[in-house]
Amino acid sequence: MNEEKMLYHVSGAPFVRSKIDTQRIMLDVLIALLPAFCVSVWQFGVQAIIRVVVSVASCVFFEWAYRKLMKKDSTIHDLSACVTGVLMVFCMPSSVPLWMIVWAALFAIVLVKQLFGGIGKNFLNPALAGRALMLAGFPALMTTYVVPTSMAGVDAATMATPLGSLYDGAATSYSLMDLFIGRVPGCMGEISALALLIGGAYLLYRGVITWRIPGTFIGTVAILTLLFGGEGYGHVEWMLRNLCSGGLMLGAIFMATDYCTSPVTPKGQLIFGVGCGVLTVLIRYFGGYPEGVSYAILLMNLLTWAIDKATPQQQFGISKADMKVADAEKKATKAAIKAEKLQKEVERLHAEEGKR
């Protein structure tokens, strides 16, 4: 009789099972971005489609090629490269040259994401990093905005964005409804606050994101712009125009909530959102470039580790009383070690004195 061989797979704690995986999360994000994509196609036509396809294809190719070259398992099936491609090109105007999109994808995927270990290990948002590089290197091309089809009667090929006009003090004919719906020039995925809010509501419903970061981010910008106001506008109108203009909605809902570049603790997420909002307002008011969302998020990405460290979560199964006792024991241990070192130092000095 052959003895039956039992095989056991032993893994470390925690023993948590979930039906939600990275691919499902990324697919939800792509679905949530569909309303903004539809608006961009409505306003910029086939040029928007071409640029989204080129961006996604470039990001997927560079991720596949890098991992193939490094002899690592392919990760393109998790759809994270697709999300990076869509978000990155959504932060660009529809007139941006295709070669710039390819270079931005190379930088975002290879240098910012893969060289640090791949998804979950990068400390900056890859899409925002790619966009920031192109803005720093080619500011003229990145700030040339095509007149959308809904404004076909305008006798111009390009025009300033509502946010640029807002902070330049120039006259603007854009109504709040235009800003909310997306009948304005701007980056492809940023122009419609309504479309982005619909996508955000879907992500909240699916449990992909929580309210903490987008809520505190948008809320901080709302409070500060309401308090400070702007020349030529009432305080409430100034606030609403700041909320609906630029990349605030896209950044707060889809960029700042990136799992691996934002804090994991609830308190940390609140701090992160407030920090993003404060930096956005400071850059908009005092910076040479009116849009501060991208740089605000990237700067707060650099502080994520410190925020998580400063806002530790209570461990599962451990009460606050237990934590206080543990802290007291640690302090007592450190004090004892310090006293022991001091005693040894005193004894050493006495011994040296005795030799003399």
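Which residue forms a salt bridge with Arg241? In this predicted model, the partner is Glu237, and the closest N and O atoms of the pair are 3.0 Å apart. Both residues belong to helix H11, which covers residues 235-244, and they sit 4 residues apart, about one turn of the helix. The two ends of the pair can be told apart by their surroundings: Arg241 counts as buried, at 8% relative accessibility, whereas Glu237 is partly exposed, at 31%.

A wider view helps to place this pair. The protein has 356 residues, of which 44% count as buried. Its secondary structure consists of 16 helices and 0 strands. Among contacts with a separation of 6 or more, 73% join residues 24 or more positions apart. The accessible surface comes to about 19,400 Å², and carbon and sulfur atoms account for 66% of that area.

The search of the whole structure finds 8 salt bridges. In general, side chains of opposite charge can pair when their charged atoms come close. One of these pairs joins Glu345 to Arg348, with the closest N and O atoms 2.4 Å apart. These two residues lie in helix H16 (residues 320-355), 3 residues apart, again about one turn of the helix. Glu345 is partly exposed at 35% relative accessibility, and Arg348 is partly exposed at 39%. Arg284 and Glu291 also meet through their side chains, at 3.3 Å from N to O, and both of these residues are buried. Elsewhere, a network of salt bridges links Arg24, Asp28 and Arg206.

Turning to the interior, the largest nonpolar core contains 78 residues, and Phe217, Leu250 and Phe254 have the most contacts inside it. In soluble globular proteins, nonpolar side chains tend to be buried together. Beyond its neighbours within four places in sequence, Phe217 touches a set of residues that includes Leu248, Gly251, Ala252, Ala256, Val293 and Ile297. Gly273, Cys276, Gly277 and Thr280 are also among the contacts of Phe217.

The cysteines form 0 disulfides. For Cys59, the nearest cysteine sulfur is that of Cys82, 8.5 Å away; Cys59 itself is buried, with 0% relative accessibility. Cys187 has no bonded partner in Cys91 because the two sulfurs, 6.6 Å apart, are too far from each other, although Cys91 holds the closest cysteine sulfur. Cys187 is buried as well, at 3% relative accessibility.

On the outside, Leu111, Leu115, Phe116, Phe123, Leu299, Leu302 and Leu303 make a nonpolar surface patch of about 620 Å². One of these residues, Leu299, lies in helix H14 (residues 293-302) and is partly exposed at 41% relative accessibility.

Trp42 offers a link between parts of the chain that lie apart in sequence. This residue lies in helix H1 (residues 22-44) and is partly exposed, with a relative accessible area of 41%. Trp42 and Thr149 are 107 residues apart in sequence, yet their C-alpha atoms are 7.4 Å apart in space. Leaving aside neighbours within four places in sequence, Trp42 is in contact with Thr149, Ser150, Ile181 and Arg183.

Finally, the loop between helix H2 (46-69) and helix H3 (80-90) holds Lys71, a residue that is not a glycine but has a positive phi of about 60°. Lys71 is exposed, at 79% relative accessibility. Leu79, found in the loop between H2 and H3, likewise has a positive phi, of about 70°, without being a glycine.

Methods:
Residues numbered from 1 in each chain as written. Predicted model: local features only at pLDDT ≥ 70, side-chain atom pairs only at ≥ 80, totals over all residues. Heavy atoms only, no water. Core = buried A, V, L, I, M, F, W, Y, C linked by side-chain atoms within 4.5 Å. Buried < 20%, exposed > 50% of the residue type's maximum accessible area, 1.4 Å probe, protein only. Contact = heavy atoms within 4.5 Å. Disulfide = S-S within 2.5 Å. Patch = residues over 30% accessible without salt bridge, like charges linked within 9 Å, V, L, I, M, F, W, Y side chains within 5 Å. Areas by Shrake-Rupley, 256 points an atom, 1.4 Å probe, with all protein chains shown as cover. Salt bridge = Lys/Arg side-chain N within 4 Å of Asp/Glu carboxyl O.
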